[in-house]
Amino acid sequence: MPVAHVKAGSAASKRRATGAGSARRIAEELRAQNERFSAAVENMSHGLCMFDADERMIICNRNYIDLFRLDAKVMKPGIHFFDILQHSVDIGIASQSAKELYAVRKPYIDGARPSTYEETLADGRIIVISHRPLASGGWVSIYEDVTEQRRAEDELKEQHRRFDAALANMSQGLLMYDTDGKMIVRNQRFLELYKVAEADFPFGTTHRDALERLMELGIYTSIDVDSEVAKTEACLRAGKMQSTYRYLSDGRTFLVVRQPMSGGWVVTFDDVTERRRAEERMTHLAHHDTLTNLPNRSMFRERLDQALSEANPAPLAIFSIDLDRFKAVNDTFGHPAGDWLLKCVAERLRRCLRGEKDVVARFGGDEFAIIQFNIKAAADAEKLAKRIIEIIGKPYRDKGREMHVGVSLGIALHPDDGRDADTLLTNADMALYRGKSEGRNIYRFFEPGMDAMVRERLALEADLEAALPKREFELDFQPILDIASGDIVGAEALMRWRSPSRGLVPPEDFIAAAEETGLIVQLGDWALRKACSVAASWPRDVRMAVNVSAAQIRSGGFARGVISALAFSGLPASRLELEITETVMMDESDTVLKTLGQLRGLGVRIALDDFGTGYSSLGYLRRFPVDKIKIDRSFIRDLDKRDTAAIVRTVIGLGAELGITVTAEGVETEAQLEMLRKAGCGEAQGFLIGVPAKAPETSRLLRSQEKLRQSG
């Protein structure tokens with residue numbers, strides 16, 4: 001073969017081999033590309049389905065089949081689009097017929113334009129379908145299940161709606177600041193409280209801007225803006241809530257509370273004007289006598305303790321004062337005249353004082369006391385005593401009537417007659433009793449020889465100690481009325497001492513001695529057991545109230561004594577009501593708090609007796625919630641007075657707010673009862689309801705009431 005022919009044949013073979021190799025590479029690349037495409041399609045998070053110009057399926061992924069619950073055996077390439085729709089109808093996934101579904105999609109197919117629409121399946125799922133035409137004819141559709149997304153969006157919308165409703169209906173004003181300290185939320189109540197417009201506090205306002213704007217508008221009278229901003233920022237950095245009272249120029253008081261939160265902080269504004277006024281009235285009530293507006297025993301003792309606690313207390317004099325012939329005024333002219341006279345005496349005593357620091361107080365009844373500060377000698381106290389006797393002894397004229405009272409005074413000097421308050425007060429009382437025993441309109445200084453009264457007190461204590469084993473004590477029971485129903489719902493046990501030598505000794509004459517000697521624990525235990533035994537025979541809805549002293553509760557075994565009395569008598573704990581005084585509430589020792597907590601846990605009710613006298617304070621109700629408040633009889637007696645009636649209504653309202661039963665003591669007239677009923681008072685006790693009576697008489701009353709209810 002010629003060489004030229006051999007070379008030519010060889011070149012042709014090479015070209016054929018090269019072409020075959022290129023075809024293989026192209027085929028391999030195409031196969032690899034198809035595999036990558038298939039992998040991408042199968043791994044999409046959405047469903048995908050592609051159709052040709054004849055509306056036949058070219059390809060679909062697994063997500064598409066799973067999304068519509070389709071049969072993979074049916075979903076083969078070449079299946080017509082309408083048949084897929086019919087298949088979805090057959091398996092119950094479609095919410096319409098195949099024709100209806102096809103009619104919805106046909107305009108998108110024929111229009112050959114991109115489109116997106118939603119479809120709700122029969123099972124409630126929501127599918128978003130994105131339709132995209134192909135250049136060669138046909139189309140590709142992407143399917144996404146947005147059910148959870150829509151549900152989340154709906155929940156978010158509902159949360160926004162609730163948030164907006166809460167903002168619009170809350171009683172407090174509210175502002176919310178973001179992390180940059182700019183206002184992002186402001187409710188309508190804020191604008192209403194401050195009586196400002198939206199333009200005054202636009203969104204984006206800072207805390208400083210808000211304070212300065214309130215100052216500019218004259219709403220706040222005087223605020224150190226720099227200091228307030230610094231304090232707020234410090235609290236927010238520490239993650240602590242900040243509460244501040246704001247006093248507005250129009251006399252209102254707002255409680256402003258700033259609370260840190262993730263991403264800023266929220267501020268609430270609450271108009272507490274009336275609440276603060278009520279608290280101020282109650283605070284004043286706790287430290288002042290309601291009749292005369294003089295300081296009461298509590299405030300007097302605070303001032304005396306404060307003066308004696310100084311490093312080098314200056315000499316002072318304590319006056320114990322008692323009116324002479326006051327009972328005759330009450331008996332002759334009546335209690336209203338007596339009250340008027342006491343107010344006149346209080347005013348005259350005020351005028352007798354010359355030192356700005358001097359204190360005159362009313363302890364109760366016709367008992368008064370004075371602290372005279374900075375005396376140089378006994379002559380200063382004597383001079384004041386003579387002035388008091390002279391001024392108080394002058395006639396009192398009212399409505400054409402002339403009344404006369406005198407005054408007796410006992411004086412103790414600090415430091416000669418005592419260096420502590422108890423000693424000074426006791427010695428002043430001894431001097432007073434000596435003066436009264438020697439005549440009227442007289443003053444006496446304390447003298448060490450004044451021990452006759454002490455001997456008498458010791459004799460009383462000796463008789464008292466022997467009285468219990470001799471069974472000289474007895475209980476009377478005074479009924480308690482439910483004002484709304486008119487039923488007797490309980491009774492208070494009142495201790496009486498019938499002494500062979502002393503006769504019937506009222507509680508006020510021996511209870512104090514029993515408390516001081518510790519005998520009150522034994523007496524109280526006896527009274528509790530006796531009262532529970534009596535109440536056990538009463539109707540099941542009637543409670544027994546028993547007075548308890550601070551000494552009893554501090555004894556440590558009081559709770560066990562109560563449990564024993566209940567167990568012995570069979571009386572349910574819920575029918576026992578223990579009346580404690582505010583001196584008990586003042587004692588915040590672990591023993592007292594634990595004992596009261598144990599008793600309440602058993603179901604025993606706790607009542608705060610004589611509320612409004614002595615040491616009354618809202619703080620006690622906050623530290624230890626009670627079941628009942630008993631308004632002192634002195635307030636009920638003065639219900640016809642506007643100020644007293646307002647105080648009583650306040651206490652009743654306070655009880656309603658705290659869920660505490662309110663009982664009015666000393667109800668003696670129908671008019672008082674009617675006023676209490678209109679004010680919403682729960683219970684009443686007093687001579688109008690029933691006088692203290694023996695157990696058999698009280699039992700007959702309760703049985704009679706029960707029979708009437710049953711017959712009705």
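**Exercise 1.** In which loop is proline 415 found? Then describe the peptide bond that precedes it, from histidine 414.

*Solution.* The model is predicted.
Step 1: locate the residue. Proline 415 lies in the loop between β16 (406-414) and α14 (421-438).
Step 2: read omega. From histidine 414 to proline 415, omega is near 15°.
Step 3: assign the bond. The histidine 414 to proline 415 peptide bond is cis.

**Exercise 2.** Place lysine 195 and arginine 471 in their loops, and decide for each: buried or exposed?

*Solution.*
Step 1: take lysine 195. Its phi is near 55°, a positive value in a residue other than glycine. Lysine 195 sits in the loop between α6 (188-194) and α7 (207-216).
Step 2: apply the cut-off. Exposed means over 50% relative accessible area. Lysine 195 has 63% relative accessibility, so it counts as exposed.
Step 3: take arginine 471. Its phi is positive, about 60°, although the residue is not a glycine. The loop between α15 (452-467) and β18 (473-482) holds arginine 471.
Step 4: apply the cut-off again. Arginine 471 has 76% relative accessibility, so it counts as exposed.

**Exercise 3.** Describe how helix α12 (residues 335-352) packs with helix α13 (residues 378-392).

*Solution.*
Step 1: give the geometry. The angle between α12 and α13 is about 145°, and their axes are 10 Å apart.
Step 2: give the hand. The crossing of α12 past α13 is right-handed.
Step 3: list the contact. α12 contributes Val345, Arg348, Leu349 and Cys352. α13 contributes Leu384, Arg387, Ile388, Ile391 and Ile392.
Step 4: sort by class. The contact of α12 with α13 has seven nonpolar residues, two charged and no polar.

How values were computed. Residues numbered from 1 in each chain as written. Predicted model: local features only at pLDDT ≥ 70, side-chain atom pairs only at ≥ 80, totals over all residues. Heavy atoms only, no water. Helix = DSSP H or I, 4+ residues; strand = E, 2+ residues; numbered from the N terminus. Buried < 20%, exposed > 50% of the residue type's maximum accessible area, 1.4 Å probe, protein only. Axes fitted to C-alpha atoms, helices over the stretch in contact; angles between N-to-C directions. Left-handed = near helix turned anticlockwise from the far one by under 90°. Contact = heavy atoms within 4.5 Å. Nonpolar A, V, L, I, M, F, W, Y, C, P; charged D, E, K, R; others polar.
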